[in-house]
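Reader: I'm new to this structure and would like a close look at one part of it. Could you take me to the metal site and then show me how the rest of the chain sits around that spot?

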Amino acid sequence: MSERIFISPAKYVQGKNAIKNIGQYVKDLGEQTVVIADETVWDIAGHDVVEQLKQENITAEEVLFNGEASKTEIERITDTANKANVTVVIGVGGGKTLDTAKAVSDEVNGYTVIVPTTASTDAPTSALSVVYSDKGVFEGYRFYKKNPDLVVIDTKIVAGAPPRFLASGIADALATWVEARSVIKVGGDTMAGGSTTIAAQAIAEKCEETLFQYAHLAYESVKAKSVTPALESIVEANTLLSGLGFESGGLAAAHAIHNGFTALKGDIHHMTHGEKVAFGTLVQLALEKHSIDEIERYITLYVSLGLPVTLEDIHLNDASRDDLMKVAEAATTEGETIHQAFNITADDVVDAIYAADQYAQAYKKKHAN
Ligand SMILES: NC(=O)c1ccc[n+]([C@@H]2O[C@H](COP(=O)([O-])OP(=O)(O)OC[C@H]3O[C@@H](n4cnc5c(N)ncnc54)[C@H](O)[C@@H]3O)[C@@H](O)[C@H]2O)c1
Ligand SMILES: [Zn+2]
């Protein structure tokens with residue numbers, strides 16, 4: 001058994017209009033920054049962040065993110081950051097922007113500031129990035145010596161993002177306890193590089209409890225673009241609890257299967273990270289021994305949040321067994337997280353994919369009308 005390891009960001013700030021105070025927190029870290037955001041996010045939050053920094057006499061080199069967390073993009077922005085002598089790298093936006101900012105910060109040996117503008121993934125708090133090819137195929141995890149120094153999440157901005165993004169974050173967070181408990185059961189290693197702690201286990205478990213309690217109300221709050229206690233709870237579950245819970249609690253099959261899906265061409269590429277993870281979680285549940293009640297508890301929540309539960313929902317109804325074998329082979333490649341909890345082959349994974357799909361189809365039939 002490895003040593004117990006728990007890692008986390010140095011500071012996490014969450015609240016309505018939290019961005020208005022970002023200058024005072026960044027000031028403690030440095031005065032020369034690069035701010036990275038994509039075109040949409042520059043308008044939603046990027047310019048406001050720069051404005052707040054200016055009020056504290058902090059300079060900001062503004063960079064337009066191209067959309068993929070790839071080696072090319074990381075190198076391009078690192079170059080800009082180096083030329084501007086920045087000591088603080090600030091990523092504003094969704095998971096891919098944040099992962100790119102972490103990589104750039106690592107390259108320039110700077111402080112990392114993460115400003116998520118949606119609660120769509122648990123990327124904000126971790127000391128790793130998920131790196132893709134320029135075409136969006138999963139390439140691997142890149143690990144860093146430290147977690148972000150500061151995470152600032154403004155729940156008013158999150159409430160203004162599409163409800164589909166919040167639902168995706170809920171799906172990413174719902175995978176956390178399912179995966180962590182499977183790793184804990186066999187004493188596997190976590191993304192923090194050791195075995196799990198009681199702390200990470202408690203956080204992952206609380207994450208799931210919070211989701212089943214408040215996910216619906218939070219989803220409806222976002223439809224009304226309103227910040228509510230339910231939304232605050234879900235933003236914390238999706239971001240902080242899921243982030244700490246997955247990283248120090250353990251990833252297993254759900255995320256390995258998600259990574260496998262990125263190897264396929266076609267409409268599945270239009271699904272969000274969380275949506276692919278939702279289906280991956282159902283596949284992991286199908287690989288384990290659960291009662292129908294337990295499996296339907298998850299399907300019910302996904303369906304009520306508009307999340308995909310069948311192969312058709314993720315645009316794979318035409319996929320052949322050979323196509324799914326490609327997904328399963330990628331999911332069981334050496335070093336994938338599935339091996340931290342399961343002793344199985346690619347063929348077992350394909351069977352579980354078909355089973356998960358069938359379970360959800362049966363559920364939908366039962367609940368039609
Ligand atoms: N490093 C980690 O620990 C970790 C964990 C989970 C996921 N990830 C990675 O995160 C990525 C997925 O992130 P994602 O689902 O956020 O998608 P994304 O980063 O691909 O896209 C987010 C989209 O949402 C838009 N957006 C952001 N905020 C908005 C707002 N308030 N209103 C309207 N639009 C807004 C952006 O312009 C962008 O188009 C994947 O690459 C995944 O591998 C990493
Ligand atoms: Zn994830």
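Author: Here is a walk from the metal site outwards, ending with the chain as a whole.

Keep in mind that this is a predicted model. Let's start with the zinc ion (ligand 2), which is coordinated by Asp172 through OD, His255 through NE2 and His273 through NE2. The distances run from 2.0 to 2.1 Å. Written as a sequence pattern, the donor residues are spaced D-x82-H-x17-H. Take the aspartate and the first histidine of that pattern: aspartate 172 belongs to helix α6 (residues 163-186) and histidine 255 to helix α9 (residues 253-261), so this pair, 83 residues apart, links distant parts of the chain.

Are these two donors buried or exposed? Aspartate 172 has 0% relative accessibility, so it counts as buried. Histidine 255 has 6%, and because the cut-off for buried is under 20%, it counts as buried too.

Now stay with α9, the helix that carries histidine 255. How many of its nine residues are buried? The answer is nine of nine, so you can think of α9 as mostly covered. If you want to pick them out on the model, they are Ala253, Ala254, His255, Ala256, Ile257, His258, Asn259, Gly260 and Phe261. There is a handy general point to hold on to while you look: an α-helix has 3.6 residues a turn, so residues three or four places apart point the same way.

What do the buried residues of α9 pack against? Two strands are on the list, β6 (128-132) and β7 (138-143). The helices there are α6, α10 (273-287), α12 (321-331) and α13. You've already met α6, the helix that holds aspartate 172.

Let's follow one of those partners, α13, outwards. This helix covers residues 346-366, and lysine 366 is in it. Lysine 366 has 52% relative accessibility, and since exposed means over 50%, it counts as exposed. Leaving aside neighbours within four places in sequence, lysine 366 still has contacts, namely with Ile292 and Glu296.

That brings in another helix, α11, which spans residues 292-304 and includes serine 304. At 35% relative accessibility, serine 304 counts as partly exposed. If you set aside residues up to four places away in sequence, serine 304 touches His216 and Tyr219. The histidine is a nice case of the chain coming back on itself in space: serine 304 and histidine 216 are 88 residues apart in sequence, yet their C-alpha atoms are 7.8 Å apart.

Carry on to the loop between α11 and α12, and you'll find histidine 315 there. What is unusual about its backbone is a positive phi of about 65°, although histidine 315 is not a glycine. With a relative accessible area of 40%, histidine 315 is partly exposed. Asparagine 57 has a positive phi as well, about 60°, and is not a glycine either. You'll find asparagine 57 in the loop between α2 (39-55) and β3 (59-64). At 62% relative accessibility, asparagine 57 counts as exposed.

Helix α2, on one side of that loop, holds alanine 45. Here the picture is a buried one, with a relative accessible area of 0% for alanine 45. Not counting residues up to four places away in sequence, alanine 45 touches Ile19, Val92, Thr117 and Ile157. For a sense of scale, alanine 45 and phenylalanine 342 are 297 residues apart in sequence and 42 Å apart in space, C-alpha to C-alpha.

Finally, step back to the whole chain. The secondary structure comes to 13 helices and eight strands. With 369 residues, a compact globule would have a radius of gyration near 21 Å, and the chain agrees with that at 20 Å. Its C-alpha trace spans about 60 × 45 × 40 Å along the principal axes. Of the 369 residues, 57% count as buried. Among contacts with a separation of 6 or more, 79% come from residues 24 or more positions apart. As for the surface, the accessible area is about 15,300 Å², with 49% of that belonging to carbon and sulfur atoms. The chain has 31 positive and 51 negative charges, and the mean positions of the two groups are 2 Å apart.

Notes:
Residues are numbered from 1 along each chain as its sequence is written. Chains are lettered from A and ligands numbered from 1 in the order in which they are written. This is a predicted model: local features need pLDDT of at least 70, side-chain atom pairs count only at pLDDT 80 or more; totals for chains, interfaces and linings use all residues. Side-chain values use heavy atoms; hydrogens and water are left out. Helices (H or I, at least four residues) and strands (E, at least two) are DSSP runs, numbered from the N terminus. The radius of gyration is taken over C-alpha atoms; the globule rule is 2.2 Å times the number of residues to the power 0.38. Buried means under 20% relative accessible area, exposed over 50%, partly exposed in between (1.4 Å probe, protein chains only). Contact means heavy atoms within 4.5 Å. Accessible areas come from the Shrake-Rupley method with a 1.4 Å probe; for residues, only the protein chains shown count as cover. Lys and Arg count as positive and Asp and Glu as negative; His and the chain ends are not counted. The place of a charge is taken as NZ of Lys, CZ of Arg, CG of Asp or CD of Glu. Donors are N, O and S atoms within 2.8 Å of the metal (3.2 Å for Na, K and Ca); water is not among the atoms, so sites may look incomplete.
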